[in-house]
Amino acid sequence: MKKLRVAVVGAGIYGINHVNAYLWNENTDLVAVCDLDSEIRKSIEEKYRVKTYADVEEMLNNEDIDAVSIATPDAFHLEPSLTAIRHGKPILVEKPLATTIEDATKILEEAKKHNVRVAVDYHKRWDPAAINLKNELSNVGKPIRGYMSMDDIIDVPTEWFNWAHKSSPVHFLGTHCYDQIRWFMGCEVVEVYAVGNKDLLSSKGIDTYDSVQAILTFENGCHWTVENSWVFPKGFAKNNDGRTQIVCENGLLRADSQNRGVEIFDNKKCKTPNSYFILESNGRPMGFGIEPINDFVYCLLNEKPFVADAFDGLQAERIAEAVHRSLDTHRAVKLSEI
Ligand SMILES: NC(=O)c1ccc[n+]([C@@H]2O[C@H](COP(=O)([O-])OP(=O)(O)OC[C@H]3O[C@@H](n4cnc5c(N)ncnc54)[C@H](O)[C@@H]3O)[C@@H](O)[C@H]2O)c1
């Protein structure tokens, strides 16, 4: 089978997972990596012997590339996406597709115009626990009520990256939940109402929400409460936490990302790593954080539809924007207004 010649744009904390996935995928050749940061470019060249660029356009003009991963910060997916699409390259964009409906729509429309396929890395759709719930939902009758939370420790917005003020717990974490719940329900959100707190992060000079709670009403009548925050304490046993509960006519489904079977104690604290997300075995990256990247390759080589595509990216962003509008106006917002 022909190998796919791939490139990665943005090789920071998460983009490096795309680099690793492509280096190990037997159906890909990682041709180049593009990052604005010269230190990152230097380390990629030294560690992986892969050619690097500081400019996406230059990379695509100079290299023979079949597909591109985009893992730039949340609010900066638009420009590299449009550049790759205009070069006719299918793209895998990190979640969220964008932080505005305007950007997400531009990506969708440009992709249609150039007949280019766009996948979005909503990796929770590959989490074995989520897949289990999705499969069980067809056996337990009509869903009545759902709850989903996803929270990060405060280090994520304050120490991991410097662009948290350009995003929010809604864009960074909420869109994961909105996408996953749309996938569970098999229908769309009609209305949202949200409340939130802005205090702790803004006191540290980061102008974004600490925590947001949203109630989503779906077309099938099911109401979901979605909670997302960026302020879990540093001492929490994992970098993030996530819980799901779905009450159905004939059943109750529950999952959490906290108790995945491993506990590690040292002299300071207990750690509970998620063994299913991303880990290395004999150097090879594996887990549901890596699978969407391998699946992107599989779907391109075998002409299969993507598990999550640009339309899914746009829908999650429409919900995110409705949640932010509800936070601003203190009223319920219909998706038809968005
Ligand atoms: N950090 C996580 O746990 C995580 C998990 C899942 C998904 N993501 C998503 O991955 C994306 C990247 O997040 P991150 O945590 O890796 O951020 P990061 O700040 O660590 O990395 C972003 C990288 O993109 C580079 N960059 C920015 N603009 C660029 C451009 N125009 N061209 C080339 N390079 C550019 C930056 O120099 C930086 O190295 C985000 O959309 C985020 O939501 C992150």
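**A mixed sheet and two helices across it**

Let's start with the sheet: 7 strands make up an open sheet with mixed pairing, in the order 12-11-7-10-9-8-17. Strand 12 (251-256) and strand 17 (333-334) are the edge strands, each with a single partner, so one side of each has no neighbour in the sheet. Please keep in mind that this is a predicted model.

**Inside the sheet**
- Strand 9 (residues 211-218) and strand 10 (residues 223-232) run antiparallel and are joined by 7 bridges.
- Within this pairing, Ser 211 sits opposite Ser 229 of strand 10.

**Helices on strands**
- Helix 8 lies across strand 7 (143-153), strand 9 and strand 10, and runs at about 155 degrees to strand 10.
- Helix 11 lies across strand 8 (189-197), strand 9 and strand 17, with an angle of about 50 degrees to strand 8.

**Helix 8 meets helix 11**
- Helix 8 (residues 169-185) packs against helix 11 (residues 310-329) at about 120 degrees, and their axes are 9 Å apart.
- The two helices are therefore oblique to each other, and their crossing is right-handed.
- Helix 8 contributes residues including Val 170, Gly 174, Tyr 178 and Arg 182 to the contact, while those from helix 11 include Asp 312, Ala 316, Ile 319 and Val 323.
- By class, the residues of this contact are 6 nonpolar, 5 polar and 4 charged.

**Around the ligand**
- Of the 24 residues around the ligand, the nearest are Gly 10, Gly 12, Ile 13, Tyr 14 and Glu 94.
- The shell around the ligand holds 14 nonpolar, 4 polar and 6 charged residues.

Definitions and conventions
Residues are numbered from 1 along each chain as its sequence is written. This is a predicted model: local features need pLDDT of at least 70, side-chain atom pairs count only at pLDDT 80 or more; totals for chains, interfaces and linings use all residues. Axes are lines fitted to C-alpha atoms, for helices over the stretch in contact, and angles run from 0 to 180 degrees between N-to-C directions. Helices (H or I, at least four residues) and strands (E, at least two) are DSSP runs, numbered from the N terminus. Angles under 35 degrees count as roughly parallel, over 145 as roughly antiparallel, 65 to 115 as roughly perpendicular and the rest as oblique. A crossing is left-handed if the near helix is turned anticlockwise from the far one by less than a right angle, and right-handed if clockwise. Two residues are in contact if their C-beta atoms, placed from the backbone, lie within 7 Å. Ala, Val, Leu, Ile, Met, Phe, Trp, Tyr, Cys and Pro count as nonpolar, Asp, Glu, Lys and Arg as charged, and the others, Gly among them, as polar. A residue is near a molecule or strand if its C-beta atom, placed from the backbone, lies within 6 Å of it. Two strands pair if DSSP finds at least two bridges between them.
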